Amino acid sequence: MRSVGTDIVEIARIGRSLRRQPAFAEAVFSPEERRYCEAQARPDQHYAARFAAKEAFLKAVGRGVLDGVPLDEIEVTRSGGRGPALRLGPSAAAALEAAGGREALVSLSHDGGIALAFVVVCG
């Protein structure tokens, strides 16, 4: 099984959500994601790219935001100079398996006030 999901997010919108609703970051991003983003020169663009990745993953597995996969279970990780990867919690891993996938690959980008993510599910 192969499928692709993509999402595009306005960086400023995510920044506004982070400032207006402090609980937003805790509900959507893992502690590791929050640490990574806050350590960057422009945290909002990193948060936005990760938010886009979560949405792209859900699209790739045929799910919606309210379909039982908490967004903080879809975690974007960075490891040793390598590109981003996804670490999935139990509900997200079950959604991947139910969609016929064994692995989800992710690519992130941000420029010009937008963040973009692609997720490819491989079976």
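Tutor: A salt bridge here is a side-chain nitrogen of Lys or Arg within 4 Å of a carboxyl oxygen of Asp or Glu. This is a predicted model, in which local features need pLDDT of at least 70 and side-chain atom pairs count only at pLDDT 80 or more, while totals for chains, interfaces and linings use all residues. Residues are numbered from 1 along each chain as its sequence is written, and side-chain values use heavy atoms, leaving out hydrogens and water.

Student: How far apart, N to O, are the side chains of Glu32 and Arg35 in their salt bridge?

Tutor: Helices (H or I, at least four residues) and strands (E, at least two) are DSSP runs, numbered from the N terminus. Glu32 and Arg35 both belong to helix H3 (residues 31–38), three residues apart, about one turn of the helix. Their N to O distance is 3.5 Å.

Student: Is Arg35 buried or exposed?

Tutor: Buried means under 20% relative accessible area, exposed over 50%, and partly exposed in between (1.4 Å probe, protein chains only). Its partner Glu32, at 40%, is partly exposed. Arg35 has a relative accessibility of 54%, so this residue counts as exposed.

Student: Which residue forms a salt bridge with Lys59?

Tutor: The closest N and O atoms of this pair are 2.9 Å apart. The bridge links distant parts of the chain, 52 residues apart, with Lys59 in helix H4 and its partner in strand E1 (residues 2–10). Lys59 is partly exposed at 43%, whereas the partner is buried at 12%. That partner is Asp7.

Student: Which helix holds Glu33, the salt-bridge partner of Lys54?

Tutor: Lys54 and Glu33 come within 3.0 Å at their closest N and O atoms. Lys54 lies in H4, so the bridge ties together parts 21 residues apart in sequence. Both residues are buried. Glu33 lies in helix H3.

Student: Which element gives the most residues to the largest nonpolar core?

Tutor: A nonpolar core is a set of buried Ala, Val, Leu, Ile, Met, Phe, Trp, Tyr and Cys residues joined through side-chain atoms within 4.5 Å. The largest has 35 residues, and those with the most contacts inside it include Ile14, Phe51 and Val119. Among the elements that give two or more residues are helix H1 (11–20), helix H4 (43–60) and strand E5 (114–122). With ten residues, the top contributor is H4.

Student: Over what arc around the axis do the buried residues of H5 lie?

Tutor: The arc is that of the directions from the helix axis to the C-beta atoms. The buried residues of H5 are Ala92, Ala95 and Leu96. They sit on the same side of H5, because they cover an arc of only 100°.

Student: Which exposed residues does the opposite face of H5 carry?

Tutor: The buried side of H5 is covered by elements including H4, E2 and strand E3 (85–88), with contact meaning heavy atoms within 4.5 Å. The face turned away from that side carries Pro90, Glu97 and Ala98.

Student: Which strands stand at the edges of the open sheet?

Tutor: Two strands pair if DSSP finds at least two bridges between them. Three strands form the sheet in the order E1-E5-E4, with antiparallel pairing. Each edge strand has a single partner, so one side of each is left without a neighbour in the sheet; these strands are E1 and E4.

Student: Which residue of E5 stands opposite Thr6?

Tutor: E1 and E5 pair in the antiparallel sense over nine bridges. The residue opposite Thr6 is Phe118.
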